[in-house]
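Have your viewer open and ready to select residues by number. We will walk from one stop to the next, and at each one you will hear what to pick and what is there.

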Amino acid sequence: MVKAVNSPGKTKLAFTVLFGAALVWLTFSLGQWQTGRAQEKQALFDAQSRALAAAPISPASAQLDLDNLSYRKIELRGTFNAKALIYIDNRQINGRPAVQVVQGFRPEGAGFLIPVDRGLLLRDPAEPRRAPNMPLRSAGDGEPVELRGTILPRFAQSAELRGLQLGSVDEIYVEESNGFQVWSNFSVGKFAEQAGQPVSNFVVTLQPVAQTAEAQATAETAQQVDGFYHVAVPLQAQVAKHKGYAFQWFTMSAVLVLLTLFFVYREFYKGNKT
């Protein structure tokens, strides 16, 4: 005759069900969250790709809607300001120390400067702490030039900007070397003080943007453009990473369901045999 499940068995069975259900709910929820993140990143990547493929713009204002205009191509005519010139330290080109050149560009007829990432310059291995000279005819305040670059997002990833941050910086280390200012970071406010002119709320990079991993792989070697080194900036969607995490969480959720059913069956079977 089969006996009823005893009270301790019922308690253990209930605990097993509740604990297993909680773990399944947690892992499944984390999988859903990662799936949502992947969808968000895919939407962002698609918007950035559309922006890169759109026609260039020639803004006449120093204030742009960066939420909608990030990664848009820009075409302007104007001059580089020789006084609004800084180096950002701790950069590398194929393992060699370098600096990133950020210089103010004044569009024709405008009363503001646009910070422009012109590229990188190698340091002299014999004098690694000496700031390199600017390429000839690149200092600024000369003949008007055509600026063709890409508008960077408000807070770009360090990989995209080579460490250049577009927000306010409370602490910034500045040193003088070879007549140039070398900064540890970038501050819009300090850059405006250095230039003595209003500065736009956006930064333009002259380095190319690679939309795919294949394009990035073919452009890993630095190319010299007007004396500056340019390395393709990766446009990373990170969708695959979130999909991978989601798969792991969903798999764990399925395993926990099976384990919970196994323990429930075992406890029920044992309880009915006692």
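## First stop: a polar pair

Select Gln 100 and Asp 117: their side chains are joined by a polar contact of 3.2 Å. A polar contact here is a pair of N or O atoms within 3.5 Å; within protein, one must be able to donate a hydrogen and the other to accept it, and residues adjacent in sequence count only if both atoms are side-chain atoms. Please keep in mind that this is a predicted model, in which local features need pLDDT of at least 70 and side-chain atom pairs count only at pLDDT 80 or more, while totals for chains, interfaces and linings use all residues. Numbering starts from 1 along each chain as its sequence is written, and side-chain values use heavy atoms, with hydrogens and water left out.

Gln 100 belongs to strand 2, residues 96-107. Helices (H or I, at least four residues) and strands (E, at least two) are DSSP runs, numbered from the N terminus. Is Gln 100 buried or exposed? Gln 100 counts as buried because its relative accessibility is 0%. The cut-offs are under 20% relative accessible area for buried, over 50% for exposed, and partly exposed in between (1.4 Å probe, protein chains only).

## Strand 3 and its partners

Now color strand 3, residues 114-122. Of its 9 residues, 9 are buried. Strand 2 and strand 3 run antiparallel and are joined by 8 bridges; two strands pair if DSSP finds at least two bridges between them. Pick Phe 105 and look across to strand 3, where Ile 114 stands opposite. The hairpin of these two strands has 6 residues between the strands, and Gly 109 in this hairpin takes a positive phi near 80 degrees.

Next, add strand 7, residues 204-205, which pairs with strand 3 in the parallel sense over 2 bridges. Which residue of strand 7 is the bridge partner of Asp 117? That partner is Thr 205.

## Into the core

Select Ile 114, Val 116, Ile 151, Phe 202 and Val 204: these have the most contacts inside the largest nonpolar core, which has 17 residues. Such a core is a set of buried Ala, Val, Leu, Ile, Met, Phe, Trp, Tyr and Cys residues joined through side-chain atoms within 4.5 Å. At least two residues each come from helix 2 (66-69), strand 1 (73-93), strand 3 and strand 4 (145-151). Strand 1 gives the largest share, 3 residues.

Center on Phe 202. Leaving aside residues up to four places away in sequence, Phe 202 touches Pro 59, Ser 61, Ala 62, Leu 64, Leu 66, Ile 74, Ile 114, Pro 115 and Ile 151 (contact means heavy atoms within 4.5 Å). Another core, of 13 residues, lies apart from the largest one, and its members include Ile 86, Ile 172, Trp 183 and Phe 191.

## Aromatic rings

The structure holds 6 aromatic pairs. Rings of Phe, Tyr and Trp (its six-membered ring) pair if their centres lie within 6.5 Å; planes under 30 degrees apart count as stacked, over 60 as edge-to-face and the rest as tilted. Show Phe 80 and Phe 105, an edge-to-face pair at 5.2 Å centre to centre with 70 degrees between the planes. Phe 80 is in strand 1 and Phe 105 in strand 2, so the pair, 25 residues apart, links distant parts of the chain. Both of these rings belong to buried residues, Phe 80 and Phe 105.

Stay on Phe 80 and add Arg 118: its charged end sits over the Phe 80 ring, 3.8 Å from the centre. For this, NZ of Lys or CZ of Arg must be within 6 Å of the ring centre and within 35 degrees of the ring normal.

## Last stops: three polar residues

In strand 1, pick Asn 81. Its side chain reaches the backbone nitrogen of Ala 84 at 3.3 Å, and Asn 81 counts as buried because its relative accessibility is 12%.

Then go to Asn 178, in the loop between strand 5 (174-177) and strand 6 (180-183). Asn 178 has a positive phi near 60 degrees, in a residue other than glycine, and counts as partly exposed at 28% relative accessibility.

Finish at Asp 226, in the loop between strand 9 (223-225) and strand 10 (228-230). Here phi is again positive, near 55 degrees, and Asp 226 counts as exposed at 63% relative accessibility.
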